[in-house]
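Reader: I am new to this structure and would love a close look at a single part. Please choose one place and walk me through it, with the terms explained as they come up.

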Amino acid sequence: MSGPNSNRSRVVLAIQGGGAHGAFAWGALDRLIEDGFSPAAVTGVSSGAMIAAMAVQGFVHNGPAGARAEMARLWERVAAAHIFGPVNSTLDWMWGWDKGVELGSELAWAGITNALRLFSPNHLNPFGQNPLEPILEDMLDIHALRDPSAPKLFVAATDVESGRAKIFDNAQMSVDVLLASACIPMMFPAVNIGGRHYWDGGYSCNPALAPVLTPKPDTLVLIRAQPRTRKGVPSSTADIVHRLHEIAFQAPLDAELQALPKTVRLQDICADNALAAHPLISKMNTEREFLNRLFKAGREAASVSIIA
């Protein structure tokens, strides 16, 4: 395991969540680490929390190379477990890969949306199965996350009853914490941790900034995983639901950024150019080729940020 890095102390990292769009954040962080980036603390929600956890344990395992390798391994596993692959592949021959993926995901989500009008998540998913659980069970290294050399890690989930963000740190990290941080209530039952029930952290923060601002850093690096604005008015039920989520997930972050101390420099890696062109439904698209395109877009965005 690598030792503590004294150069970390003045730079911290925040990673937004956004489903499959988190591959953009993966690419951005991969490029930053390649350039020597090593944060003192990391905060994330949903897919951003999983990226953060993999990066932190990777730093402990093998420094920057380990962080990059662990993140890549996570997204490789996500791509290999693609849920809607059979639907998409049957449509490729009619419209080509891009259209096949978009239509396949749209049909799948439209079916889920219609089913949710009639049935609760407990009826549709009575055993509470989450395809991410076996991946995280296999990959998460609790001992590395709790190692003294590990960067500080903060993951947020939303307490269902209070509506407030619950922040979990290195010592509290677990598979359940990461699943709670990414728990979309229309698809999965709330995650029970210590007798409290949690939904996706994006409803209360995206991500929580306060934990990484004490002690006050010189620089906050923010990697976004959803566009700040999106042209057009959605008309389908599925697109309306997704846009509502984007708006709801953006509001808490905007509030925290407005209160950011003026002495803290914000390095904002924007996802607008990379993600606004993709349909709202694309956050469910875990096809390997799509994830790789977002990864490359994230690296390009981070490169621009480094030059600036």
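Author: Happy to! Helices and strands here are DSSP runs numbered from the N terminus: H or I over at least four residues for a helix, E over at least two for a strand. This is a predicted model, in which local features need pLDDT of at least 70 and side-chain atom pairs 80 or more, while totals use all residues. Residues count from 1 along each chain, and side-chain values use heavy atoms, without hydrogens or water.

The chain as a whole has 12 helices and 8 strands. Of its 308 residues, 53% are buried (under 20% relative accessible area with a 1.4 Å probe, protein chains only). Among contacts (heavy atoms within 4.5 Å) with a separation of 6 or more, 78% join residues 24 or more positions apart.

Let's look at helix H2, residues 47-80, and the loop that leads into it. Ser-46 sits in that loop, which runs from strand E2 (41-44) to H2. The phi of Ser-46 is near 55°, a positive value in a residue other than glycine. Most residues other than glycine have a negative phi. Ser-46 is also buried, because its relative accessibility is 9%.

Who keeps Ser-46 company? One partner is Asp-200, whose list of contacts includes Ser-46. These two are 154 residues apart in sequence, yet their C-alpha atoms are 6.5 Å apart in space. Asp-200 belongs to strand E6, residues 196-200, and is buried with a relative accessible area of 1%. Leaving out residues up to four places away in sequence, Asp-200 also touches Thr-158, Phe-249 and the run Ala-180, Ser-181, Ala-182, Cys-183 and Ile-184.

Now to H2 itself. One helix packing against H2 is H1 (residues 22-34): the two axes come within 9 Å and cross at roughly 20°. H1 is therefore roughly parallel to H2 (under 35 degrees). Here the axes are lines fitted to C-alpha atoms over the stretch in contact, and angles between N-to-C directions run from 0 to 180 degrees. On the H1 side, the contact includes Trp-26, Leu-29 and Ile-33; on the H2 side, it includes Ile-51, Phe-59, Met-71 and Trp-75.

H7 (residues 132-139) is another neighbor. H2 and H7 pack at an angle of about 160°, with their axes 11 Å apart, so they are roughly antiparallel (over 145 degrees). From H2, Met-50, Met-54, Gln-57, Glu-70, Arg-73, Leu-74, Arg-77 and Val-78 take part. From H7 come Leu-132, Pro-134, Ile-135, Leu-136, Asp-138 and Met-139.

How is H7 arranged? Its buried residues are Ile-135, Leu-136 and Met-139. Seen down the axis of H7, they fall within an arc of 95° (taken from the directions from axis to C-beta atoms), so they line one face of the helix. H2 and helix H9 (175-181) are included in what covers these buried residues. Exposed residues (over 50% relative accessible area) on the face turned away from that buried side are Pro-134 and Asp-138.

One last stop takes us back to E6. The loop between E6 and strand E7 (219-223) holds Pro-207, and Pro-215 lies in that loop too. A cis peptide bond joins Asn-206 to Pro-207, with omega about -5°, and another joins Thr-214 to Pro-215, with omega about 0°. Most peptide bonds are trans.

Technical notes:
Parallel < 35°, antiparallel > 145°, perpendicular 65-115°, else oblique.
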